[in-house]
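Good morning, colleagues. I ask you to look at the structure on the screen while I describe one local arrangement and then the chain as a whole.

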Amino acid sequence: MKCRVCRGPAVIDVPRHNANFCVAHFVEQCERQVVKAINAFDMIAPGDKVLVAVSGGKDSLALWDLLIRLGYHAEGLYLGLGIGEYSDESGSYARKFALERGLVLHQIELRDSFGYDIPTAAARTRRVPCSACGLSKRHLFDRAAHDLGADVVATGHNLDDEAAVLFGNVLRWQTDYLARQAPVLPAGNGFPRKVKPLVRLSEREMAAYCIVSGIDYQVEECPMVAGNNHLSYKETLNAVEARSPGTKHDFYFGFLDRAAAALRAGMVSGPDGLVSCQRCGAPASSEICAFCRLLERVEGHQPDGPISVAVPVQIGPRR
Amino acid sequence: MVRLLNELGVTRESVLVVRNGELVPGDAQLEDGDEVEVRPVISGGAA
């Protein structure tokens, strides 16, 4: 196999582009796809401070690396979920990445600062762990962005993630969720802008990007997601993709081009009418926000001191 | 390598193959003595 650009030996094939790439041109290709996504959806403006939600996995570390390569001011935020050895390991990958590159990483440990962890929350709420995990992440990333003065929160959702979410929502015709699925959620009502710059890149490309860029990441899967529907949707889509390369891209971007606007126009309820949570001040649809209700159920607490990132750990000099 | 993936029953979209520490493309010939890692790339967090 030869690189499409330089005809040198290729290290990866990307069937949906009908192309193979050497290391240097694969990295260029990834950069180009991120730039294309950022520009197409007005994700990040010049001078914006970006807070990258970092898990220690391939997508978030690749995203952080790509944003830095492209010259953005991007700091990381790691949320310690308290999922045993899995979390210990994920945190060390995030810290190692930041330390080696002299980047700023902020940390929040759920157990230390809020008195609970995800396994406990799942047990107390009797819901799947991903539910409490997602709620905690959304609330704390928003709150940290506010406290740290970040303009935008960037997450490592890739094409496979977005196609799988879309697939799940279509299977059940969850039109409210479909109307909200977008690569950018604009700022407003007290929420920061949220962007997904990796939507034009597949999960396999992100893992490859990490390998060729020398990024050590946590390969091990979160032990709490085993058997969830999201994984089975990805497997299903990959089986189709193997027979018909480009299907995932067409499915997701076809939705954005042809269906998303119509669904948004028909949205029954919008984000208007939000109030400030009486306990933490976050924008909420009722007097007490969903996160504070979760804290109550898990017998957690707000951190001591000002409402801010609870344990900001700055590693390395500011770039 | 294609034969290896077929034998393992995995689709090319869901794995990468690393030979002797280096990423290799789909048509790579694997030799006796090669250290080969078939690395899954699918992660499941839906949050």
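Strands β4 and β5 of chain A pair with each other in the parallel sense, and 5 bridges join them. Please bear in mind throughout that this is a predicted model. To locate the pair in the sequence, β4(A) covers residues 73-80, while β5(A) covers residues 105-109. One of the bridges may be followed by eye: G76(A) has L105(A), in β5(A), as its bridge partner.

Which helix joins these two strands in a β-α-β unit? It is α3 of chain A, residues 84-101, and the unit of β4(A), α3(A) and β5(A) is right-handed.

Is β5(A) mostly covered or mostly open? The strand is mostly covered, as 4 of its 5 residues are buried.

Let me now turn to the whole chain. Chain A contains 13 helices and 10 strands. Of its 319 residues, 53% are buried. The accessible surface of the chain comes to about 14300 Å², and carbon and sulfur atoms contribute 52% of that area.

As to overall dimensions, the C-alpha atoms occupy a box of roughly 60 × 50 × 40 Å along the principal axes. The radius of gyration of chain A is 20 Å; a compact globule of 319 residues would have a value near 20 Å, so the two agree.

Finally, I turn to contacts in chain A between residues with a separation of 6 or more: 71% of these link residues 24 or more positions apart. Thank you for your attention.

Note on methods
Residues numbered from 1 in each chain as written. Chains lettered and ligands numbered in written order. Predicted model: local features only at pLDDT ≥ 70, side-chain atom pairs only at ≥ 80, totals over all residues. Heavy atoms only, no water. Buried < 20%, exposed > 50% of the residue type's maximum accessible area, 1.4 Å probe, protein only. Pairing = 2+ DSSP bridges. Right-handed = clockwise from strand over helix to strand, strands pointing away. Rg over C-alpha atoms; globule rule 2.2 N^0.38 Å. Contact = heavy atoms within 4.5 Å. Areas by Shrake-Rupley, 256 points an atom, 1.4 Å probe, with all protein chains shown as cover.
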